[in-house]
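Student: I should like to learn how to read the features of a structural model in an orderly way. May we proceed feature by feature, with the general idea before the case?

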Amino acid sequence: MSNSNHKKQTFPVSGMSCAACASSVESVLEQTDGVYKAEVNFADHSVRVEYDTTDDELRSALQAVGYDLITDGEDPFEKQKEEKQAAYLALQRKTLGAALLTLPVFIIGMFFMSWTPGRWISLVLSAPVVFYFGRQFFIQAAKQARRGLANMDSLVALSTGIAFIFSAFNTIAPEFWTSRGFQPHVYFEAATVIITFILAGRLLEERAKSQTTSALKKLMSLQADTLTLITDSGDQEVPIDQVQVGDHIRVKPGEKIPVDGEVTAGQSYIDESMISGEPEAVKKRSGDTVFAGTINQKGSFEFRAEKVGSSTLLSQIIDRVKSAQGSKAPVQKLVDKIASIFVPVVIFISIITFVVWFSIGGEAAFSRALMTSISVLVVACPCALGLATPTAIMVGIGKGAENQILIQDAQSLQIARTIDTLILDKTGTITEGRPTVSQIAWAESSNRKDLLSIIMAMEARSEHPLAQAILRHCKEKGIAPAKLSSFDSLTGEGIKAQTVDGEKFWIGKKALMEQEDLHLPNDLLEKAKSWQAEAQTVVYFGHNNEVSAVLAIADRIKEHSAQAIAQIQKKGIEVIMLTGDQEATAQAVSQKVGITAYKAGLMPSDKAEEVIRLQQKGRKVAMVGDGINDSEALALADLSIAMGHGSDIAMDVADITLVTSNLRHIPQALKLSQLTVRGIYQNLFWAFIYNLIGIPIAAGLLYPFTGFLLDPMLAAGAMALSSVSVVLNSLRLKNISLN
Amino acid sequence: MNTYIFKTNLQCANCRAKVQPLLDKSDEVLDWQLNLEHPERLLTVKSPSPNPEDISKLVARAGFQAQLQEQAQ
């Protein structure tokens, strides 16, 4: 018994893996006191409950069995976003805190070296920097060490940890060294500056990382909220989640189609670009299928709901984009790879140093061996290490922006150079994306301007999708519309009109011309045939008793497309074209731009499958698209590029957006990626080189000749030189041309 | 000791994971086996209890259905 006083709410449920689980959830809930009805939507992973008890009761009941209910009603994406934000703020705090405490330590270390109390002050100030603000390095290093691995955190933890402990020891008990003839140096500033710089590098990296996805929110906003339900008692406006399969729905001009279904009455043109990517509106009549999220143009019709809620094509696209985005793994940091080898090597060198000095023996052999082996570890970590990657990437992103290439995901700069396959969407990417008049052929005896103004007047009243293309053409030519005395729309055939002086005109298909018995000059007929062979649409214009002109309308290929594609192919990348449009047009276009591999007639999910198929073959796939129908494929591709004029969603999902939608930016983006990665390698070189020189010195190589061992000045020198070199190198990148 | 064989509606390993803790902990169940390969998804239970309903109720607590098919001594 359903009562409107009962609470009714839908909750996300986790732990259901099959239909039996779904009915088990319903059954468990209904057994719970206070629950009247429970209905699971398996595809949505949710349950709609009619109940009188608390949310927590529902949750405990399910948890007892092994499921879980999300009662906060929190959007999982919001939660993720919040967590990321919190992590960023924490990092910011740490960096700032470390920097503030490091400053005095640095000053003392540089200018007040011999001032003994200075050491104690440094000790006290450095401890929080290394062990509190820098604790993540030690935690991560420990995790890595447990698995027998090492990464950048290990290097930082090792070096700064040893530096601090060594310095602390030397501050508390310097006699240990002085009594044996050695200088008890302290390296507090080395430890703290390294921590601060590495944290700063992390902060920069986080800033450069991609924004959280608002693409999904936008996709979801394509779903209508309410719709007009046709019932026995008239039209009712109902919320979309109350629609059921079999309901009859009315759609008015300009409305969004709410659910998938079959047209039962009326007809109209519908903009299906979200599915097919094709800008030309599709005619829908009785028996045709319509899809949720598409937009009705000027007609009005009724349809029967076939797929609702999460079964609609739109919902499935949303789901797939969601899972595609979740499946991409981040690129392993180059720095970590280097560190994983460097750390064991450095430890090895340290041990060897100890062994060598100890076996050489002599006075204070143990202390010497100890000091040198420790010094090796102290000087091992380059302070510019954390800056190497982020500075190069920041410059890369800035450079991209200067060239109208918006880089949303910094990782893409590193991935781009590994690409061997590029998938291009046809409509809107290779072509302009909207029908335009490409050619007009006139019969001999024509006053073109006057006729064009008649055409313009007629098309202004036409509902046909191609009318816009013709209107634009006339406007561009500066034509003004003529005055018509009558106008008629012959659905499916064309339009006809008359002017005040009794002249008759028709615009439409060839069939219309034949019907009205208009003479079609041979040359025009030939032209029409050749255009059709090129997969263009031909529109006929009749005047009194003959066809005066034929117009070819097509989605024009962008000027630079062919050139850009050739450039990309030269780099050894295979270019493939995928489109939802028909075979004939696809073939014509690919021939013109020099693409040999293409597939036509694809649904949005087919594009995604192509991406996966190629990836499984081991290819690194880049995808270029502009529409919602491309978003799943974009999310799956190794590198995704969106066109600036395209849908917001494609731009949000993509790693890179080409603001000008000009394909020639693609080879530029690829070059940018090459330069950036090279820059990272160079930066790493500069970061390490000074420390690498420092290691043998710390190990005591110069000792037999000069008695020279590692001292804080040397360590500081290495730090300064490496940082400056890295920054200078990154700035140098700015000035390299992308062409 | 009774051996009961039930027809169930458990379909997958995940479902099994839901009933497992209940069956393992129960005093009424000495030993149990679930055959998911069998079209009837048979659950075989060795129980000291003379009442097969005790077992069905247990399975129902996890939200699944168990219908007695066979009983052996």
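Student: Is Glu39(A) buried, partly exposed or exposed, and what is its relative accessible area?

Tutor: Please keep in mind that this is a predicted model. A residue counts as buried under 20% relative accessible area and as exposed over 50%. Glu39(A) has a relative accessible area of 45%, so it is partly exposed. Its partner in a salt bridge is Lys37(A), with 3.4 Å from N to O. Lys37(A) is likewise partly exposed, at 42% relative accessibility.

Student: How many salt bridges are there over all chains?

Tutor: The count comes to 13 over all chains. One of them joins the side chains of Glu302(A) and Arg250(A), at 3.2 Å from N to O. This pair links distant parts of the chain: Glu302(A) belongs to strand S12 (residues 300-307) of chain A, Arg250(A) to strand S7 (residues 248-251) of chain A, and 52 residues separate them. Glu302(A) is partly exposed at 24% relative accessibility, and Arg250(A) is partly exposed at 23%.

Student: Which salt bridge has buried partners, and what does it tie together?

Tutor: Consider Lys607(A) and Asp425(A), whose side chains meet at 2.7 Å from N to O. Lys607(A) sits in helix H23 (residues 604-616) of chain A and Asp425(A) in strand S14 (residues 421-425) of chain A, so the salt bridge ties together parts 182 residues apart in sequence. Both Lys607(A) and Asp425(A) are buried. Elsewhere, salt bridges with shared partners join Asp235(A), Arg250(A) and Glu302(A) into one network.

Student: How should one read a helix, and what does H20(A) show about its buried residues?

Tutor: The general idea concerns the helical repeat: an α-helix has 3.6 residues a turn, so residues three or four places apart point the same way. In the present case, helix H20 (residues 522-533) of chain A has 12 residues and reaches 17 Å from its first C-alpha to its last, close to the expected 16 Å. Its buried residues are Leu524(A), Leu525(A), Ala528(A) and Trp531(A). Viewed down the axis of H20(A), these buried residues fall within an arc of 125°, so they line one face of the helix. The face turned away from that buried side carries the exposed residues Asn522(A) and Ala533(A).

Student: Against which elements do the buried residues of H20(A) pack?

Tutor: They pack against strand S15 (431-442), helix H19 (510-515), strand S19 (537-543) and strand S20 (546-557) of chain A.

Student: What span should helix H1 of chain A have, and what covers its buried residues?

Tutor: Helix H1 (residues 19-31) of chain A has 13 residues, which at 1.5 Å a residue should span 18 Å; the end C-alpha atoms are 18 Å apart, in agreement. The buried residues of H1(A) are Ala20(A), Cys21(A), Ala22(A), Ser24(A), Val25(A), Val28(A) and Leu29(A). Their cover includes elements of chain A, among them strand S1 (7-14) and helix H2 (55-65), together with helix H1 (13-25) and helix H2 (52-61) of chain B.

Student: How does one read the backbone angle phi, and where is Gln404(A) placed?

Tutor: Most residues other than glycine have a negative phi. Gln404(A), although not a glycine, has a positive phi of about 60°. Gln404(A) is placed in the loop between helix H14 (385-402) and strand S13 (405-407) of chain A, and is partly exposed at 35% relative accessibility. Asp517(A) also has a positive phi, near 65°. Asp517(A) lies in the loop between H19 and H20 of chain A and is exposed, with a relative accessible area of 67%. Just after H20(A), Ala535(A) takes a positive phi of about 65°.

Student: Which residues does Thr160(A) touch, beyond those up to four places away in sequence?

Tutor: Thr160(A) lies in helix H6 (residues 152-172) of chain A and is buried, with a relative accessible area of 0%. It touches Val130(A), Phe138(A), Ala191(A), Ile194(A) and Ile195(A).

Student: What percentage of the residues of chain A count as buried?

Tutor: Of its 739 residues, 49% count as buried. The secondary structure of chain A comes to 28 helices and 25 strands. Among contacts in chain A between residues at least 6 apart in sequence, 68% join residues at least 24 apart.

Notes. Residues are numbered from 1 along each chain as its sequence is written. Chains are lettered from A and ligands numbered from 1 in the order in which they are written. This is a predicted model: local features need pLDDT of at least 70, side-chain atom pairs count only at pLDDT 80 or more; totals for chains, interfaces and linings use all residues. Side-chain values use heavy atoms; hydrogens and water are left out. Helices (H or I, at least four residues) and strands (E, at least two) are DSSP runs, numbered from the N terminus. The expected span of a helix is 1.5 Å times one less than its number of residues. Buried means under 20% relative accessible area, exposed over 50%, partly exposed in between (1.4 Å probe, protein chains only). The arc is that of the directions from the helix axis to the C-beta atoms. Contact means heavy atoms within 4.5 Å. A salt bridge is a side-chain nitrogen of Lys or Arg within 4 Å of a carboxyl oxygen of Asp or Glu.
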